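Please open the structure in your viewer and keep the sequence panel beside it. The tour below proceeds by selection, with a short account of what each selection contains.

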Amino acid sequence: CRNQAITNLFNPLGQGITFLARIPGTGVAQCNSMPQFDQVPPIFLCVNQQFTFDHSATDPDGDSLVYALTNPYTGLNTQGLGAGNPMQGGNPPTVTQFNNPMGPPPYATVSFQTGYAFTDPFGSNDFTIDPLTGFISVTPNQTGIFVFSISVFEYRNGAFISENRRDFQIT
């Protein structure tokens, strides 16, 4: 489960987190290396100071990359399978024959507090990402702990083959 002190999520203790790896079928890519983010961003930002960061990735295969703010996943799939915090109204872990407590995709996304969204996780109305370079910019206007995610989508010959999604908690 997530940290109870998170500012921008509704009932953060009741929302888990899911990390997902998608492997393209051989009809899309016979061999593929997933793009890797080039840098690790800081975990602290300063209030009322513009933060800029090169959030680009490198793809060893030379595939086309597109960047976007994306909604973080919770600990549940859209059928309600997964793990949450039972003490906060969440589901206990579900165990399957494959020992996958999450169940199959698609996965549910987090619920933000009023005034926040996955496209505006700081509530400052100025969080941007350049879809071609991955360059991000924001000026946080309040203190707190904020969750957001950024994805790099990989395309080969115009066909989608992978997504690498980073889930952040920044103070």
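Why is strand β5 (residues 73-77) largely enclosed by the rest of the structure? The model is a predicted one, and the reply can be followed in it by selecting residues 73-77. Four of the five residues of this strand are buried, so β5 is largely enclosed by the rest of the structure. Here a residue is called buried when its relative accessible area is under 20%.

**The partner of β5.** Add residues 107-109 to the selection; they form strand β6. Strands β5 and β6 run antiparallel, and two bridges join them. For one of the contacts between these strands, select Asn77 and then Tyr107 in β6, which is the bridge partner of Asn77.

**The whole protein.** Now clear the selection and display the full chain as a cartoon. The protein contains 10 strands and zero helices. Read from the N terminus, its elements therefore follow one another as β-β-β-β-β-β-β-β-β-β. Of the 171 residues, 42% are buried. Consider also the contacts between residues at least 6 apart in sequence: 66% of them join residues at least 24 apart. If you switch to a surface display, the exposed area is about 9100 Å², and carbon and sulfur atoms supply 55% of that area.

**An open sheet.** Next, select β4, β9 and β10. These three strands form an open sheet in the order β4-β9-β10, and their pairing is antiparallel. The edge strands are β4 (64-70) and β10 (159-170), each of which pairs on one side only. On average, neighbouring strands of this sheet are turned by 20° against each other, direction ignored. In general, strands of a sheet pair through backbone hydrogen bonds, and the pairing may be parallel or antiparallel.

Within this sheet, narrow the selection to residues 146-156, which are strand β9, together with β10. The two strands run antiparallel and are joined by 11 bridges. Select Phe148 as well: Phe168 in β10 stands opposite Phe148.

**Two cysteines.** Finally, select Cys31 and Cys46. Are these residues buried or exposed? Cys31 is exposed, because its relative accessible area of 60% is over the 50% cut-off. Cys46 is partly exposed, with a relative accessible area of 46%. A disulfide is a covalent bond between the sulfur atoms of two cysteines. How many disulfides are counted when the sulfur atoms must lie within 2.5 Å? The count comes to zero disulfides.

Technical notes. Residues numbered from 1 in each chain as written. Predicted model: local features only at pLDDT ≥ 70, side-chain atom pairs only at ≥ 80, totals over all residues. Heavy atoms only, no water. Buried < 20%, exposed > 50% of the residue type's maximum accessible area, 1.4 Å probe, protein only. Pairing = 2+ DSSP bridges. Contact = heavy atoms within 4.5 Å. Areas by Shrake-Rupley, 256 points an atom, 1.4 Å probe, with all protein chains shown as cover. Axes fitted to C-alpha atoms, helices over the stretch in contact; angles between N-to-C directions. Disulfide = S-S within 2.5 Å.
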